[in-house]
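Please work through the following exercises with the structure at hand. Each task is followed by a solution in steps.

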Amino acid sequence: MMILYCADSVYTNGGFQKNYAVLVKDDVIQDMGPTDKLTKTYHGAATIDWGEKAIVPGTVNAHNHSFQSLLRGIAVDRPFLEWRDQALYKYTPLLDEEAIYTGALFAFGEMVKYGVTTVSDFFYVHNNGVKTDEAVIQAAVDVGIRLVFARTMYDWKGAPSSYQESVTDATKRTRELAIKYHGHPMVDVHPAPHSPHAASPEMIQAGYRLAKELQTPFHIHVSEEMFEVEETLEKYNKRPIHYLDSLGVVDESMLAIHLVWLDQSEIDLLGNRKAGLAYCPSSNMFLSDGITSIPELVRSGVRVSLGSDGACSNNRISVFEEMRMCSLLQKVSTLDGTCMTANQVFQMGTKNGADLLQIDTGELAIGKKADFLAVDTSDLSLLPKHELFANLVYAMQPTAITDVIVAGKSVVQNRTVQTVSEQMIVKKVDHLFEKWGI
């Protein structure tokens, strides 16, 4: 079935085109152009006229931990390790399959209302199997969000036992899950050795080899906190990026998370190898991690995308929020108001994320996946209308997002999730906390 989406304007080719339309067949954008022209050409197509709205690409959340939405508001205003112990580690024993599904449903339901159409969920509460992994995937399918399941490979003995796997088990389970979902229209599975801190050298290399086998990126937290740098210096006499390079894993397939504490030699190496970054500015600020040097990384050749991180370290899960935070944080840290532009951060939150995750989305163009949003240009947060792009990045509130299409299907309509009941999500979260006695 062909559907023609018409609106006052459509963001494509670097600008807003007035009185434009997008033709979708199945889950792909088939054509774009002036509304009058496309209406005549495709007179048999069903038409959805969004009127005084603008159509923009859906955003790509390049790094999230969905289960952490359940822990939002817990252990706030604490140092990183205290936050980790009092939020993540304290509540991990309660995270069974039901809780993981509820948390993912909650996270993905909130995300789509904020304009996220693709999410990479870095997930590590495996409970010695794949049932909780499947629960996250099922929640994404139920909500209708496009999912990259970054299955974490984790063997540090200081973490909760439900995170830990042997190298053999982690590799086997990740491979089997990737094979099972190979070719799925909405789910991809990528290996994700947790970090130099929480994954052994053998685990990191196994994740890298598996990514090469599967022809996917691999995801890894790197240099979020200064203690991680100190640890690798003490254990290996190398800074984290040089340590990872000694393992043979620093190349274009690496999607590093955070990259806060780097020296210039690490930045240069990452750029030369065309590595990727999932930058999470709000989380870095909330946990007082530090400030990643985004302008320097971009100049070096590192490809940068944006992530929200988990909702208990942010505590919002909107990529539009991360666009704003990225630009403002870099401006104030460099004392240079020109160091990061609205266009740069918009690309980081859309096309760059899609490219790094190897998903054919992130922009409105013929042949791309039909993942896009309608925003109400009369929402007060988007006025004045003649500065629509700047306001989209720096001013827009979630109230402006009225409709969300993912893979050609309506996931949010008139600001309400269509695929699952929002009230049901509320009840499931409330029930879970009653069950926990909290």
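**Exercise 1. Locate N315 in this predicted model and describe the peptide bond that joins N314 and N315.**

Solution.
Step 1. N315 is placed in the loop between β13 (303-306) and α12 (319-334).
Step 2. The bond joining N314 and N315 is a cis peptide bond, with omega about 10°.
Step 3. A further cis peptide bond runs from L383 to P384, where omega is near -5°. P384 also has its place in a loop, between β14 (372-376) and α15 (388-394).

**Exercise 2. Determine whether A75 is buried or exposed, and do likewise for Q215.**

Solution.
Step 1. A75 is not a glycine, yet its phi is positive, about 60°. Q215, not a glycine either, has a positive phi of about 60°.
Step 2. The place of A75 is in the loop between β6 (59-64) and α2 (80-91), while Q215 lies in the loop between α6 (201-214) and β10 (218-222).
Step 3. A residue is buried under 20% relative accessible area and exposed over 50%.
Step 4. A75 has a relative accessibility of 11% and therefore counts as buried. Q215 has 67% and therefore counts as exposed.

**Exercise 3. Describe the surroundings of E110.**

Solution.
Step 1. E110 belongs to helix α3 (residues 97-113).
Step 2. Its relative accessible area is 13%, so E110 is buried.
Step 3. When neighbours within four places in sequence are left aside, E110 is in contact with R72 and I317.

**Exercise 4. State which parts of the chain are tied together by the salt bridge between K18 and D8, and which by the one between K435 and D96.**

Solution.
Step 1. Side chains of opposite charge can pair when their charged atoms come close.
Step 2. The side chains of K18 and D8 form a salt bridge at 2.7 Å, N to O. K18 is in strand β2 (residues 15-25) and D8 in strand β1 (residues 2-12), so this pair ties together parts ten residues apart in sequence.
Step 3. K18 is exposed at 53% relative accessibility, whereas D8 is buried at 15%.
Step 4. K435 forms a salt bridge with D96, and their closest N and O atoms are 3.5 Å apart. Because K435 lies in helix α16 (residues 422-436) and D96 in the loop between α2 and α3, the pair ties together parts that are 339 residues apart in sequence.
Step 5. Both partners count as partly exposed, K435 at 45% and D96 at 32%.

**Exercise 5. Find where K172 and E176 lie, and name the residues linked in a network of salt bridges.**

Solution.
Step 1. K172 and E176 both lie in helix α5 (residues 167-181), four residues apart, which is about one turn of the helix.
Step 2. K172 forms a salt bridge with E176, with 3.0 Å between the closest N and O atoms.
Step 3. K172 is partly exposed at 43% relative accessibility, and E176 is partly exposed at 44%.
Step 4. The network links D133, R151, E165, D169 and R173. In the whole structure, 27 salt bridges are found.

**Exercise 6. Explain why the radius of gyration of the chain agrees with that of a compact globule.**

Solution.
Step 1. The chain has 438 residues, and a compact globule with that number would have a radius of gyration near 22 Å.
Step 2. The chain has 21 Å, which therefore agrees.
Step 3. Of the 438 residues, 62% count as buried.
Step 4. Among contacts between residues at least 6 apart in sequence, 72% join residues at least 24 apart.

Key: Residues are numbered from 1 along each chain as its sequence is written. This is a predicted model: local features need pLDDT of at least 70, side-chain atom pairs count only at pLDDT 80 or more; totals for chains, interfaces and linings use all residues. Side-chain values use heavy atoms; hydrogens and water are left out. The radius of gyration is taken over C-alpha atoms; the globule rule is 2.2 Å times the number of residues to the power 0.38. Buried means under 20% relative accessible area, exposed over 50%, partly exposed in between (1.4 Å probe, protein chains only). Contact means heavy atoms within 4.5 Å. Helices (H or I, at least four residues) and strands (E, at least two) are DSSP runs, numbered from the N terminus. A salt bridge is a side-chain nitrogen of Lys or Arg within 4 Å of a carboxyl oxygen of Asp or Glu.
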